Amino acid sequence: MNIVALCGVALIAAILSVTLKKHSPETSIIISIAAGIILLMAILSKIIPAVNQIQTLISNAGMSAEYAGILFKAVGICLICQFSADSCKDAGEAALASKVEFAGKIMILILALPLFEKISQIALSLINSRLQ
Amino acid sequence: MIFKIAAIGIIVSVLNQVLIRSGREEQATMTTLAGLIVVLMMIISGISTLFSTIKSVFGL
C-alpha cells in the first residue's frame, strides 16, 4: 500500500466517522479504530526490513544484540500504548488514556532499568579507578 | 472493513429511528445493542491481529 492509499483510507474513515457521529457515536469510534488498525498493519509490513537493517547496523557496530532487543521492545510498547491511548481519547475517556500511557511508561522503565544499572556500575568503576 | 462497519452503523441507526417512530423503544435499544456487538466482533479480530503483529515484529 503506498502513501496515497494510506491517506485516502484515513480521509474516508474520518468522513464516515464524522457522518455517523450524530446518529451512532459508538460506531464512529469503532470506525476510527478500524482505520487505525488498517493503517498500522500497512505500515508494519514495511517496517520489518527497516528493523532487520537496524539490527545488522547495531551488530556491525559491535554492540550486543541485547541492546537492540530492548530498543525494539520499547518501540513496540510505545506503539501499542499510543494506539490504545489515542483510541480512548477519541472515545472521550481521557482518564483511561492517561492511565494507559502511565502503564506504558512503567513498562519501558522496567525494561530499561537493567541497562541503567550497567551504566551506573561502569560509572562507579571509572570513579573508583580514578580515586585509587 | 471500514465500509462494512459504516454500513452496519447506518443500517442500525436507520432501524433505530424507524423503530422509535413506530413506538417500539425496547426493540430500538436491542437493535442498537445488536449492531454494536456485531461491529465489536468484527473489530476485535482486527485488534488481535494488530497486537500479535506488533509483538512478532518488535519481539515483545
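The largest nonpolar core of this predicted model holds 23 residues. The residues with the most contacts inside this core are A:Ile30, A:Ile31, A:Ala34, A:Ile37 and B:Ile5, so the list takes in residues of chain A and of chain B. In terms of elements, two or more residues each come from α1 (3–21), α2 (25–60) and α3 (65–90) of chain A, and likewise from α1 (2–21) and α2 (25–58) of chain B. The biggest contributor is α2(A), whose share is nine residues. Both domains of chain A chip in as well, with at least three residues from domain 1 (1–61) and at least three from domain 2 (64–132). As background, nonpolar side chains in soluble globular proteins tend to end up buried together.

A:Ile31 is a handy residue to click on here. Setting aside neighbours within four places in sequence, A:Ile31 touches A:Ala13, A:Leu16, A:Ser17 and A:Leu20 in its own chain, and B:Ile2, B:Ile5 and B:Ala6 across in chain B. One of those partners, B:Ile5, is itself among the residues with the most contacts inside the core.

Now for the overall build of chain A. Chain A has four helices and zero strands, and reading along the sequence gives the pattern α-α-α-α. The chain is not packed like a ball: its radius of gyration is 21 Å, whereas a compact globule of 132 residues would come in near 14 Å. Along the principal axes, the C-alpha atoms of chain A fill a box of roughly 75 × 35 × 15 Å. Buried residues account for 20% of the 132 residues in the chain. As for contacts between residues at least 6 apart in sequence, 46% of them in chain A link residues at least 24 apart.

Chain A splits into domain 1 (1–61) and domain 2 (64–132). The C-alpha centres of these two domains sit 24 Å apart, and the contact between them uses ten residues from domain 1 and eight residues from domain 2. On the domain 1 side, the touching residues sort into six nonpolar and four polar, with no charged ones.

Next comes the meeting of the two chains. Here 22 residues of chain B are in contact with 29 residues of chain A. On the chain B side, α1 and α2 are the elements that give two or more residues, and α2(B) gives the most, with twelve residues. By class, this side of chain B has 16 nonpolar, five polar and one charged residues.

A:Ser24 offers a closer look at a loop, as this serine is found between α1 and α2 of chain A. Is A:Ser24 buried or exposed? A:Ser24 counts as buried because 20 other C-beta atoms lie within 10 Å, and the cut-off for burial is 20 or more. Apart from neighbours within four places in sequence, A:Ser24 is in contact with B:Gly9, B:Val12 and B:Ser13. Back in its own chain, the C-alpha atoms of A:Ser24 and A:Ala14 are separated by 15 Å, and these two residues are ten apart along the chain.

Finally, a word on confidence. Chain B has a mean pLDDT of 88, and 100% of its residues reach 70 or more. The model as a whole scores ipTM 0.82 and pTM 0.82.

Notes. Residues are numbered from 1 along each chain as its sequence is written. Chains are lettered from A and ligands numbered from 1 in the order in which they are written. This is a predicted model: local features need pLDDT of at least 70, side-chain atom pairs count only at pLDDT 80 or more; totals for chains, interfaces and linings use all residues. The radius of gyration is taken over C-alpha atoms; the globule rule is 2.2 Å times the number of residues to the power 0.38. A residue is buried if 20 or more other C-beta atoms lie within 10 Å of its own, exposed if 12 or fewer, and partly exposed in between; C-beta atoms are placed from the backbone. Two residues are in contact if their C-beta atoms, placed from the backbone, lie within 7 Å. A nonpolar core is a set of buried Ala, Val, Leu, Ile, Met, Phe, Trp, Tyr and Cys residues joined through C-beta atoms within 7 Å. Domain bounds come from an automatic or database domain assignment. Ala, Val, Leu, Ile, Met, Phe, Trp, Tyr, Cys and Pro count as nonpolar, Asp, Glu, Lys and Arg as charged, and the others, Gly among them, as polar. pLDDT is the predictor's confidence in each residue, from 0 to 100.
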